[in-house]
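Thanks for making time for this. I will go through one model, starting with the chains and ending with single residues.

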Amino acid sequence: MDSELKQLEEELRGFAPSPMSGDVLARMVEAMDRWEEAEGETVEETSGKVVPFPREEKSSSWRPMWAAAAAVAVLGAAMGVLLPEGESPQVTAMSNLGPVPVLRQASLVPVNVQRKVRSMDAGMVSNKDGMEYQLIRVVRQEEADFKGGGDVGLKISRPKVDYYVVPVSY
Amino acid sequence: MPDDESNNVIAAKAQDVGALTLDWQGWLRVNGPRLLLFARQQTRNGQDAEDALQDALVKLAKKVDEGTFVGGQEAWMPFLYTQIRREAIDRGRKDDRRRKREEHVVEDAKGLETTESGNWFLDSNADGEQAELVEQALKELPPKFSEVIVMKIWGDRTFDDIGKALGISLHTAASRYRYGLDALRKKLAAARIRGDI
C-alpha cells in the first residue's frame, strides 16, 4: 500500500464513530437482559430476568423455547389471579418497562409490560442462636398488554411473592 | 448452610444483579459505536441499523446465557459483525418483498430515502463537514468495499476476521480494502478540488 493510502488510513482513523445515544443504549441493554421475551416466552419466565455478564466459569443452562402462541395461551390461563389482600404496603414502586419492540411476527405482540413491586415488613424472626432478622415480603405483579390485528387485545397480570430475610444488627 | 450465611448469599446476589446489568452497559458503551457504524453501513436507514444491531445483541445474550457461545469474550465482536450482516441481509430481502407488494413503489422509495439515519461519525471540527464528507464518500462506494473499510479501520478487525465474517478469503478482503481505500481517496480528492474540504 503506497504512502498516500497509508496517510488516508490514518486520517480516517481520526474520525470516531458516533456514540450510541442514551435511548439506544438503554434499548439494547434491555433487549439483551430480556432476550427470552424476544423468543416469545411468557412474562412470568422473564420477570426479573437478567442475563449475567459472563465470568470465568459459565453456568450452562438450557431453557426450552416456547412458541409465541403457546406462551400467550399459558399466560391467558393465568388471568384473573389477584394479589393477596390484607396487608398494607409500606413501600410502593412501579417500573414501567415500556414497549417491547423485538417481537413482531407473533399474532399477538406485547405493547406494554409493567412490573409493580410492593414490599412490606412481615415482622421479625430469629434463628436458633437468637440472632434477629427482619422478614420482608415482596410481591411482584407482572402486567402485560398484547395487541393483535384490529381490536383484538389481551391484558395479563400475574403475581409472584418472595420472602427476604435481612440480618438486624444493633 | 447456616441461616446467617444464606442471608449473606441473598444480599450478595442482590448486589450482583445491579453490577452485572451495568457490565453489559459498560461493554456496549465501549463497543457499541463501532458495531452501530457497521450496522449503518450494512442497512438502508438508521432504524434498520438499530434493529439489526439489537437482534444481533439479543442472539449473543441468548447464547451467552445458555452457555452455548463458542469462545470467550474476545469472540463476541467477530460473532456480532457476522450476525449484523446476516440481519441486514434479511431485512433488505424483506424490505424488497414488501416494496414489491406495495402499490405505490415510488412513494415508498422516496420515504426510505428521507429516513433519518443518524450521523456515522462524531464531528471532529467545528463545522463537522469533513465527517459528513467521509460518510457520504463511504455511502457512495460499492458496499463490498465500504464494509471492509468500516470493519478494518473502525472495527480494528484483521483481514482474517473480515474474511470469515464476509465469507471471503483473507486475500480478497485485503484486496477489497486497497481498492476501496483508493476509490475513497479519489472521491475525497474530488471534494477537496471542489473546495468542500
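What follows covers confidence, the make-up of each chain, the strands, the helices and two individual residues.

First, the caveat. This is a predicted model, so the confidence values come before anything else. Chain A averages a pLDDT of 69, and 58% of its residues score at least 70. Where in chain A is confidence lowest, and where is it highest? The lowest is helix α4, residues 43–46, at a mean of 40. The highest is helix α1, residues 3–13, at 91. Around that low point, pLDDT stays under 50 over residues 41–48 of chain A. The model still has 26 contacts for that stretch beyond four places in sequence. There is another such stretch in chain A, residues 77–95, also with pLDDT below 50. Beyond near neighbours in sequence, residues 77–95 have 35 contacts in the model. Please keep both stretches in mind when looking at the picture.

Now the make-up of the chains. Chain A has 5 helices and 4 strands. Along the sequence, the order in chain A is α-α-α-α-α-β-β-β-β. Chain A has 170 residues, of which 39% are buried. Taking contacts in chain A between residues at least 6 apart in sequence, 57% join residues at least 24 apart.

Chain B has 8 helices and 0 strands, so its pattern reads α-α-α-α-α-α-α-α. It has 197 residues, and 46% of them count as buried. For contacts in chain B with a separation of 6 or more, 61% are between residues 24 or more positions apart.

On to the strands of chain A. Strand β2, residues 109–126, runs antiparallel to β3(A), and 15 bridges join the two. One position to look at is A:Met124, which stands opposite A:Gln134 in β3(A). The hairpin of β2(A) and β3(A) has 5 residues between the strands. In that hairpin, A:Gly130 takes a positive phi near 90 degrees.

Strand β3 of chain A, residues 132–147, is also joined to strand β4 of chain A, residues 153–167, by 15 bridges. These two strands run antiparallel. Which residue of β4(A) is the bridge partner of A:Glu142? The partner is A:Arg158. The hairpin of β3(A) and β4(A) has 5 residues between the strands. A:Gly150 in this hairpin has a positive phi, near 65 degrees.

While we are on β4, consider A:Lys160, which is found in that strand of chain A. Buried means under 20% relative accessible area and exposed means over 50%. A:Lys160 has a relative accessibility of 38%, so it counts as partly exposed. The C-alpha atom of A:Lys160 is separated by 8.3 Å from that of A:Val138, although the two residues are 22 apart along the chain.

Next, the helices. Helix α2 of chain A, residues 22–33, has 12 residues, and at 1.5 Å a residue it should span 16 Å. Its end C-alpha atoms are 16 Å apart, so the expected and modelled spans agree. Which residues of α2(A) are buried? They are A:Val24, A:Leu25, A:Met28, A:Val29, A:Ala31, A:Met32 and A:Asp33.

The same check can be made in chain B. Helix α5 of chain B, residues 129–140, has 12 residues and an expected span of 16 Å at 1.5 Å a residue. The end C-alpha atoms of α5(B) are 16 Å apart, which agrees. Its buried residues are B:Ala131, B:Leu133, B:Val134, B:Glu135, B:Ala137 and B:Leu138.

There is also a helix pair between the chains. The axes of α1(A) and helix α6 of chain B, residues 143–154, come within 10 Å and cross at roughly 70 degrees. That makes α1(A) roughly perpendicular to α6(B). On the α1(A) side, the contact is made by A:Glu9, A:Leu12 and A:Arg13. On the α6(B) side, it is made by B:Lys152, B:Ile153 and B:Trp154.

The last residue is B:Glu50, found in helix α2 of chain B, residues 46–66. Is B:Glu50 buried or exposed? Its relative accessibility is 16%, so B:Glu50 counts as buried. Leaving aside neighbours within four places in sequence, B:Glu50 is in contact with A:Val24, A:Arg27, A:Met28 and B:Leu36. B:Leu36 is 14 residues from B:Glu50 in sequence and 6.9 Å from it in space, C-alpha to C-alpha. As for the partners in chain A, A:Val24 and A:Met28 are among the buried residues of α2(A).

That is the end of the walk-through.

Key: Residues numbered from 1 in each chain as written. Chains lettered and ligands numbered in written order. Predicted model: local features only at pLDDT ≥ 70, side-chain atom pairs only at ≥ 80, totals over all residues. Heavy atoms only, no water. Pairing = 2+ DSSP bridges. pLDDT = per-residue confidence, 0-100. Contact = heavy atoms within 4.5 Å. Expected span 1.5 Å × (residues − 1). Buried < 20%, exposed > 50% of the residue type's maximum accessible area, 1.4 Å probe, protein only. Axes fitted to C-alpha atoms, helices over the stretch in contact; angles between N-to-C directions. Parallel < 35°, antiparallel > 145°, perpendicular 65-115°, else oblique.
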